[in-house]
Every structure is written in structure tokens, then in C-alpha cells.
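Trainee: I'd love a close look at one single helix here, and then at whatever you think belongs beside it in the story. Could you take me through it step by step?

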Amino acid sequence: MKRCIIIAAHNETAIKNIVHIRPDDFIICADGGYAFAAAEGIVPNLVVGDFDSFEGTVEAGIEVERAAPEKDDTDTLLCLKRGIERGFDEFIIVGGIGGRLDHTIANLQTVAYGCEQGCFVLLADSKNLVTMIGADTVNLPRLEGYKLSVFAFGDACTGVYEKGVKYPLTNATVTNTFPIGVSNEFEADTATISCGAGKLMIVLSKE
């Protein structure tokens with residue numbers, strides 16, 4: 001299945017330094033994300049938003065969905081929903097970390113929404129990679145210079161295992177009031193993370 005790349009309206013570095021754009025990627029820009037894409041010569045398939053952060057003109061031939069400013073969904077969540085409607089289940093949201101804290105939290109909730117829909121969603125900037133799993137197992141290749149953290153995105157995650165790391169967890173309960181999973185380190189070429197129940201947020205952060 002092809003990937004869907006969502007370009008958020010906040011980026012602190014070049015898009016192409018965060019993700020390698022493939023010819024078959026379906027690209028959606030969230031409002032002002034279009035300005036970042038255009039600056040790098042990236043032509044999206046779709047631009048979605050209420051256009052409060054982009055006031056220019058979208059290039060002719062690009063599909064545009066204008067949303068009312070008075071809406072419940074953020075522009076980035078709308079992009080994710082449109083991608084899901086088009087049959088995608090693998091997403092990379094480029095940017096959306098840093099800047100306003102409320103926007104960053106909203107983007108983490110967008111990752112959680114995708115997890116609930118059975119999709120793989122990765123939120124990425126130049127120093128951070130964030131995804132979430134439910135009752136599942138994921139294998140992460142070793143990334144030099146990155147710390148590995150896990151957090152409960154909800155009250156608690158039970159049956160949490162971490163293998164191939166400096167500080168392993170075995171059938172642990174991770175709650176949202178104690179950061180026991182922060183700043184772990186790779187010890188093997190692959191780290192294996194499992195969650196029995198709950199929604200587990202996985203964060204890779206560059207030193």
C-alpha cells in the first residue's frame with residue numbers, strides 16, 4: 001500500500017531532511033503546510049484546511065478542500081481523515097512538533113486517532129519520531145544517537161514489555177502519572193516493544 005504524507009503547518013527544518021519523498025507517495029498539506037511544500041518544490045495531491053495560516057494561491061491543478069474555521073477537527077486531523085477515506089493505512093505527519101504546545105498535543109491526539117483506526121501513523125520532525133500502538137508489538141531498528149521512551153497515552157498501559165534496551169520492562173504497568181519509560185537506550189540492533197492493553201506512545205528523540 002502506498003504511503004500518505006501529511007505536511008503540517010509548523011516545520012522547523014526542511015521537509016526533505018525529515019522524510020524521503022517517494023514518487024508514489026500521496027501528499028496532503030495541512031493549510032500552511034502548503035507554503036513549506038511549495039518552497040521545496042513538493043507538489044501535493046491535496047491541500048486541506050480553513051486557510052488561516054496560508055493566504056496565498058494554491059497552484060492550479062491541485063485539489064483543495066476548504067474547511068470552515070468553526071470546526072471541531074484540526075487541519076491535520078482532517079488531513080488524516082481524508083487519507084483514511086482514500087484507503088491509506090500508513091501515514092507520516094511531517095512537522096507539527098514544537099511551536100505552540102497546544103498544537104503539538106493536538107497532533108499527538110491525531111496520532112492516537114490513527115492508532116484507534118488501525119493505521120500506522122508516525123509524527124516526525126528533525127529530532128523526534130512519535131507513534132502509538134494498542135495491543136500490539138513493534139520492532140524498532142537501532143538508531144544511533146536516539147533515546148527511546150514509552151508513555152501511557154491514557155490512564156494506563158498494561159502488559160508492557162521492552163526488550164533489546166538498557167532498561168527492559170517485563171509485564172509492566174505504565175501509567176500517565178509516572179514516566180518510568182522515559183530515556184531508555186538501545187542495546188541490541190532491534191528493540192522490541194509490546195503492549196497488552198491501552199494506548200502506548202513510543203518516542204524516539206535525538207540527543
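Mentor: Happy to! Let's settle one word first: a residue is buried when its relative accessible area is under 20%, exposed when that area is over 50%, and partly exposed in between. Please also keep in mind that this is a predicted model.

The part I'd pick is helix 2, residues 75–85. Eight of its eleven residues are buried, so helix 2 is largely enclosed by the rest of the structure. Going along the helix, the buried ones are D75, T76, L77, L78, C79, L80, R82 and G83. Notice that this list holds charged residues, D75 and R82, as well as leucines. After helix 2 comes G87, which has a positive phi near 95 degrees.

Now for the start of the helix and the largest pocket. The pocket has a volume of about 400 Å³. It is lined by 19 residues, and those closest to its centre are A9, T74, D75, T76 and H103. D75 and T76 are the two we have just met among the buried residues of helix 2. Two elements give two or more residues to this lining: helix 2 and helix 3, the latter spanning residues 101–116. Helix 3 is the one that gives the most, with three residues. By type, the lining divides into nine polar, six charged and four nonpolar residues.

A9 brings us to the beginning of the chain, where strand 1 covers residues 4–7. In a regular strand, side chains alternate between the two faces of the sheet. Strand 1 shows this pattern: C4 and I6 point one way, I5 and I7 the other, and all are buried. Strand 1 also has a partner in strand 2, residues 26–30, with four bridges joining the two in parallel; there, I7 has C29 as its bridge partner. Another parallel pairing, again over four bridges, links strand 1 to strand 5, residues 90–94. In that pairing, I5 is matched with I92.

Two details from elsewhere can round off your tour. The charged end of R66 sits over the ring of F51, at 4.3 Å from the ring centre. Further along the chain, L169 belongs to strand 11, residues 169–175. L169 counts as buried because its relative accessibility is 12%, which is under the 20% cut-off.

Conventions
Residues numbered from 1 in each chain as written. Predicted model: local features only at pLDDT ≥ 70, side-chain atom pairs only at ≥ 80, totals over all residues. Heavy atoms only, no water. Lys NZ or Arg CZ within 6 Å of the ring centre and 35° of its normal. 1 Å grid on protein atoms, 1.4 Å probe; cavity = no way out; pocket = protein on both sides within 12 Å on 5 of 7 lines; lining within 4 Å. Points joined across faces, edges and corners; volume = space filled by probe spheres on them. Buried < 20%, exposed > 50% of the residue type's maximum accessible area, 1.4 Å probe, protein only. Pairing = 2+ DSSP bridges.
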